[in-house]
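Here are some notes to go with your first look at this structure. Keep the viewer open and click along as you read.

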Amino acid sequence: MKKAFVLILVGLMCSVGPVLAGDKELLFHAGVGQRSSLNEIKAEWERMNPDQKVNFSYKGSGYFIADITRSRQGDLFMPGEEFYLLQAKERGFIDNYNPETDIPAYFVTVIITPKGNPANITRIEDFARPGVRVGLGNPRSCAIGIWHEKTFTKAGIWDKVKENATLSAKCIPELGNAAQHRAIDATIVWGTTAVLYLRDCEIIPIEHQYRGIIRLPVATLNFARFKEEAEQLKDFILSDQGRQIFHKHAYAITPNIPVDEQGFTLDGTTDKDMEHLVNAAKAVKDESYPVNADTVGDLIEEVERQRKTIRAGS
C-alpha cells in the first residue's frame with residue numbers, strides 16, 4: 001500500500017513538474033547577429049514576466065531550417081534575413097506571419113576595416129583592388145554572405161572580389177573579429193555588428209545604390225509549447241518599446257524604407273543612422289568627442305560602455 005502511494009505521488013509530481021517549477025521556458029531561434037538587442041529584450045521581458053524564461057538558440061541563419069526540421073522544437077523564430085523565415089513558412093512551420101506588420105527592425109549594411117583603415121577603403125569598388133584582403137560570409141551558413149554576393153554583383157566586381165577573399169566566415173562575428181585583429185582589410189557587415197567594434201574598427205557608410213536594407217521578421221512557430229506567451233513576446237518585440245531597444249543597437253526602425261527590387265535603398269532614409277554610427281566610432285576612440293543625441297543618436301549607452309572598457313584596460 002505504501003509503495004503504491006509513493007508511485008502515485010511520483011507520477012503526479014512528474015505530470016505537474018513544469019507547473020510546479022514555475023517558469024515557462026520559451027525557446028527562441030534567432031540569428032547570431034541579433035544577440036545584443038535580443039538579450040536586452042529578454043532581460044526586459046523576464047523582468048515584466050517573472051514566471052517566464054527566454055532561452056535563445058543563436059546560430060548563423062542558414063543552419064536553422066535543418067535544425068528546426070529535425071527537432072520540431074521552438075516557440076519563436078527571428079532569422080537574420082526574411083528569406084529564411086519564408087523557407088520555414090513553405091515547410092509548414094509558420095502560418096501566422098504578416099510581412100506588412102511583423103518587421104520590428106532592419107539591418108543596414110556598412111563597410112568595416114581595421115582601425116586606421118590601412119588599405120584606404122572608401123567605397124565598394126575598392127574591394128576589387130589587387131591585394132586587398134576581403135572577408136566574405138558563406139551564404140550557406142550566414143545571411144550576410146547572400147548580401148556580399150548581391151552587392152558586389154550589382155557593382156560588377158564579384159569575380160574580382162572572390163579572388164581577393166581570404167576568409168569565408170560561417171557567422172558574422174567571424175568577420176568582425178577578423179577586421180578587429182587585422183586579419184582582413186575590409187568586409188561588409190550589418191551596422192549592428194559594426195557597433196560592437198567601435199574602438200578597433202573604422203566604419204564606412206555604403207553608397208545608396210549598394211546599401212542593403214534587410215527586413216528582420218519575427219514569427220511564432222506552429223509547434224510552440226507556449227503559444228500564447230510566444231505571441232505576447234512577439235507583440236512586445238513589435239511594440240514601440242521593443243523597436244526602441246533595437247535602435248539602441250544600431251538597427252534601423254523606420255517603417256517601410258524605400259528599396260529597389262533587390263533590397264537596396266533608394267534614398268537617404270538611413271543616412272542619419274549611418275552618421276550616428278560613424279560618430280559613435282569617433283567618440284569611443286576620442287574621449288573629447290561630444291556624446292549626445294545629436295552626435296550619436298540612441299547609441300549613447302553603447303559608446304559609454306565601450307569607453308569604460310578602454311578605461312579599464314580590457
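The points below start with a sheet, move on to its core and end with a few single residues.

1. First, a caveat: what you have in front of you is a predicted model. Please read each point below with that in mind.

2. Start with the sheet. Four strands make it up, in the order S2-S1-S3-S10, and the sheet is open with mixed pairing. S2 and S10 (219–220) are the edge strands; each has a single partner strand, so one side of each has no neighbour in the sheet. As general background, strands of a sheet pair through backbone hydrogen bonds, in either a parallel or an antiparallel way.

3. Now zoom in on S1 (residues 24–31) and S2 (residues 52–59), which run parallel and share eight bridges. To get from S1 to S2, the chain goes through helix H3 (residues 35–48), and this β-α-β crossover is right-handed. If you want residues to click on, Leu26 stands opposite Val54 in S2, and Ala30 has Tyr58 in S2 as its bridge partner.

4. S1 has another parallel partner: S3 (residues 76–78), with three bridges between the two strands. Here Phe28 stands opposite Leu76 in S3.

5. Where does H3 lie? The helix lies across S1, S2 and S3, and runs at about 170° to S2.

6. Phe28 deserves a second click. Which residues touch the most other members of the largest nonpolar core? Of the 95 residues in that core, they are Phe28 and Leu233. Beyond its neighbours within four places in sequence, Phe28 is in contact with a list of residues that includes Leu38, Val54, Phe56, Leu76, Met78, Val218, Leu233 and Ile237. Asn55 and Ser57 are also among these contacts. In soluble globular proteins, nonpolar side chains tend to be buried together.

7. Next, Ser141, found in the loop between strand S5 (134–137) and helix H6 (143–154). Is Ser141 buried or exposed? Its relative accessible area is 4%, so Ser141 counts as buried, the cut-off being under 20%. A polar atom of the Ser141 side chain lies 3.2 Å from the backbone oxygen of Lys170. Leaving out residues up to four places away in sequence, Ser141 touches Gly60, Ser61, Gly62, Tyr63, Ala169 and Lys170.

8. Gln87 makes a useful contrast in setting. Gln87 sits in helix H5 (residues 82–90). Its relative accessible area is 21%, so Gln87 is described as partly exposed, a label for values between under 20% and over 50%. Try drawing a distance from Gln87 to Phe64: their C-alpha atoms are separated by 10.0 Å, with the two residues 23 apart along the chain.

9. Last, have a look at the backbone angles of two asparagines. Most residues other than glycine have a negative phi. Asn117, though not a glycine, has a positive phi of about 50°, and Asn120 has a positive phi near 55°. Asn117 is in the loop between strand S4 (105–114) and S5, and Asn120 lies in the loop between S4 and S5 too.

10. How accessible are these two asparagines? Asn117 is buried, because its relative accessible area of 15% falls under the 20% cut-off. Asn120 has 51% relative accessibility and so counts as exposed, the cut-off there being over 50%.

Conventions: Residues numbered from 1 in each chain as written. Predicted model: local features only at pLDDT ≥ 70, side-chain atom pairs only at ≥ 80, totals over all residues. Heavy atoms only, no water. Pairing = 2+ DSSP bridges. Right-handed = clockwise from strand over helix to strand, strands pointing away. Core = buried A, V, L, I, M, F, W, Y, C linked by side-chain atoms within 4.5 Å. Buried < 20%, exposed > 50% of the residue type's maximum accessible area, 1.4 Å probe, protein only. Contact = heavy atoms within 4.5 Å. Polar contact = N/O pair within 3.5 Å; in protein donor to acceptor, adjacent residues only side chain to side chain. Axes fitted to C-alpha atoms, helices over the stretch in contact; angles between N-to-C directions.
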